[in-house]
Amino acid sequence: MSKRVDASQPLDDVIISRAIIQEFTKDFVDSLEGDVAIVGAGPAGMIAGYYLARAGKKVVIYERKLAVGGGMWGGGMMYNRCIFQEASKPILDEIGVRMKKWGKGYYVTDSLETVSVLCSSAVKAGSRIFNCISAEDVMIRGERVMGVVLNWSAVSVARLHVDPLSARAEYVVDATGHDAEVAKIIVRKIGKKLFTETGELMGEKSMWAEVGEKTIVENTKEIYPGLYVAGMASNAVFGGPRMGPIFGGMLLSGKKVAELILGRGRGGEGVRRGRAMG
Ligand code: 48H
């Protein structure tokens with residue numbers, strides 16, 4: 001006999017509302033200053049958040065959309081499977097994504113499981129993810145990026161004239177995918193100052209999985225003082241090819257950006273924190 005479900009607890013709608021508003025606000029205010037602000041919760045941003053938070057950094061990820069996962073949910077052409085190559089397998093093993101070996105050196109995963117595990121790993125490691133929030137500008141002090149300027153995504157969708165708010169971070173990561181939005185902001189507002197050959201975005205090239213997956217890791221680096229690029233945005237900034245639905249490079253790039261930032265630190269130390277609920 002299964003136990004009867006007891007739904008008799010009295011419930012107060014206002015207590016529910018108060019809990020949501022107070023808990024969200026507490027976390028949001030606490031996130032106004034941190035070690036790393038990551039713009040974009042696609043695979044590259046979330047795995048970067050996982051490694052940085054696991055190492056004790058205070059990490060905040062801002063995602064424009066309601067759902068995290070970026071371009072991963074749809075696999076290739078909405079066939080919801082993702083391909084990974086051998087080099088990225090240890091990361092999948094570490095966070096616990098199940099995969100099927102497919103010939104020599106290829107692995108297939110369920111894209112829904114992959115996104116869910118990436119999100120869960122980043123959050124459980126201590127990253128905070130705020131969805132429905134867009135980075136629309138950056139904080140620049142002197143000649144260095146010092147944080148992000150944020151607004152509710154709904155504000156731009158509704159074309160409301162509402163001023164944004166700012167969040168300070170020692171390092172910012174542009175993990176916004178094909179559009180490399182943060183890098184574009186730098187060029188638009190400061191000029192041709194990116195650490196590329198032209199100082200501008202060099203633009204993503206046509207699809208070539210083998211080269212794209214190699215260059216994406218090489219192109220993961222600091223692109224302006226205080227600003228790093230990871231994931232698809234790296235090839236958009238440095239002129240590498242797109243690679244279609246093979247996602248290993250996104251994880252390797254996210255891991256690399258975390259390692260680069262961990263190698264810098266804030267005068268050798270960051271804000272160490274272990275985040276627990278409550
Ligand atoms: C807040 C923002 C903003 C903003 C964008 O596109 P993504 O999945 O990016 P990656 O680099 O983690 O992964 C790329 C991969 O999904 C892909 O597209 C591949 C492999 N393509 C190959 C090919 O040939 O097409 O995620 C970026 C995220 C998205 O969720 C955006 O909504 C979000 O960033 N975002 N969030 N503020 N200004 N701009």
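This report describes the overall dimensions, three helices, the main nonpolar core and some exposed positions of a predicted protein model.

Because the model is predicted, local features are taken only where pLDDT is at least 70 and side-chain atom pairs count only at pLDDT 80 or more, whereas totals for chains, interfaces and linings use all residues. Residues are numbered from 1 along each chain as its sequence is written.

**Overall form and confidence**

The secondary structure comes to nine helices and 11 strands, where helices (H or I, at least four residues) and strands (E, at least two) are DSSP runs numbered from the N terminus. The C-alpha trace spans about 65 × 50 × 40 Å along its principal axes. A compact globule of 278 residues would have a radius of gyration near 19 Å, and the protein, with 19 Å, agrees with this expectation; the radius is taken over C-alpha atoms, and the globule rule is 2.2 Å times the number of residues to the power 0.38.

Buried residues make up 42% of the 278 residues; a residue is buried if 20 or more other C-beta atoms, placed from the backbone, lie within 10 Å of its own, exposed if 12 or fewer do, and partly exposed in between. Among contacts between residues at least 6 apart in sequence, 68% join residues at least 24 apart, a contact being a pair whose C-beta atoms, placed from the backbone, lie within 7 Å.

The average pLDDT (the predictor's confidence in each residue, from 0 to 100) is 94, and 94% of the residues score at least 70. Over residues 267-278, however, the pLDDT is below 50, and this stretch has 14 contacts in the model beyond near neighbours in sequence.

**Helix α2 and the nonpolar core**

Helix α2 has 12 residues (43-54), which at 1.5 Å a residue should span 16 Å, and its end C-alpha atoms are indeed 16 Å apart; the expected span is 1.5 Å times one less than the number of residues. Of its 12 residues, 11 are buried, so α2 is largely enclosed by the rest of the structure. The buried set runs through Pro 43, Ala 44, Gly 45, Met 46, Ile 47, Ala 48, Gly 49, Tyr 50, Tyr 51, Leu 52 and Ala 53, and the elements that cover these residues include β1 (33-39), β2 (59-63), α3 (89-95), α4 (111-125), β9 (165-174) and α9 (248-264). After the helix comes Gly 56, with a positive phi near 100°.

A nonpolar core is a set of buried Ala, Val, Leu, Ile, Met, Phe, Trp, Tyr and Cys residues joined through C-beta atoms within 7 Å. In the largest one, which has 71 residues, Ala 48, Val 172 and Val 173 touch the most other members. Helix α2 gives the most to this core, with eight residues. Outside its neighbours within four places in sequence, Ala 48 is in contact with Ile 38, Val 173, Ala 175, Ala 230, Gly 254, Val 257 and Ala 258.

**Helices α6 and α7**

In helix α6 (residues 181-190), the buried residues include Val 182, Ala 183, Ile 185 and Ile 186. These cover an arc of only 155° around the axis, which puts them on the same side of α6; the arc is that of the directions from the helix axis to the C-beta atoms. The buried residues of α6 pack against β1, β7 (133-141), β9, β10 (222-224), β11 (227-229) and α8 (232-238), and Gly 191, with a positive phi near 105°, follows the helix.

Ile 186 counts as buried because it has 24 C-beta neighbours inside 10 Å. Leaving aside neighbours within four places in sequence, Ile 186 is in contact with Lys 193, Leu 194, Tyr 224 and Leu 227, and its C-alpha atom is 8.6 Å from that of Asp 137, 49 residues away in sequence.

In helix α7 (residues 209-218), Gly 212, Glu 213, Thr 215, Ile 216 and Val 217 are buried, and the buried residues pack against β3, α8 and α9.

**Exposed positions**

Most residues other than glycine have a negative phi. Met 77 and Met 78 are tabulated here.

| Residue | Location | Phi | C-beta neighbours |
|---|---|---|---|
| Met 77 | loop between β2 and β3 (81-85) | positive, about 50° | 8 inside 10 Å, exposed |
| Met 78 | loop between β2 and β3 | positive, near 70° | 8 within 10 Å, exposed |

Asp 6, in the segment before α1 (13-30), is exposed, with 6 other C-beta atoms within 10 Å. The C-alpha atoms of Asp 6 and Ser 88 are separated by 46 Å, with these positions 82 residues apart along the chain counted as their separation.

Terms used
Two residues are in contact if their C-beta atoms, placed from the backbone, lie within 7 Å.
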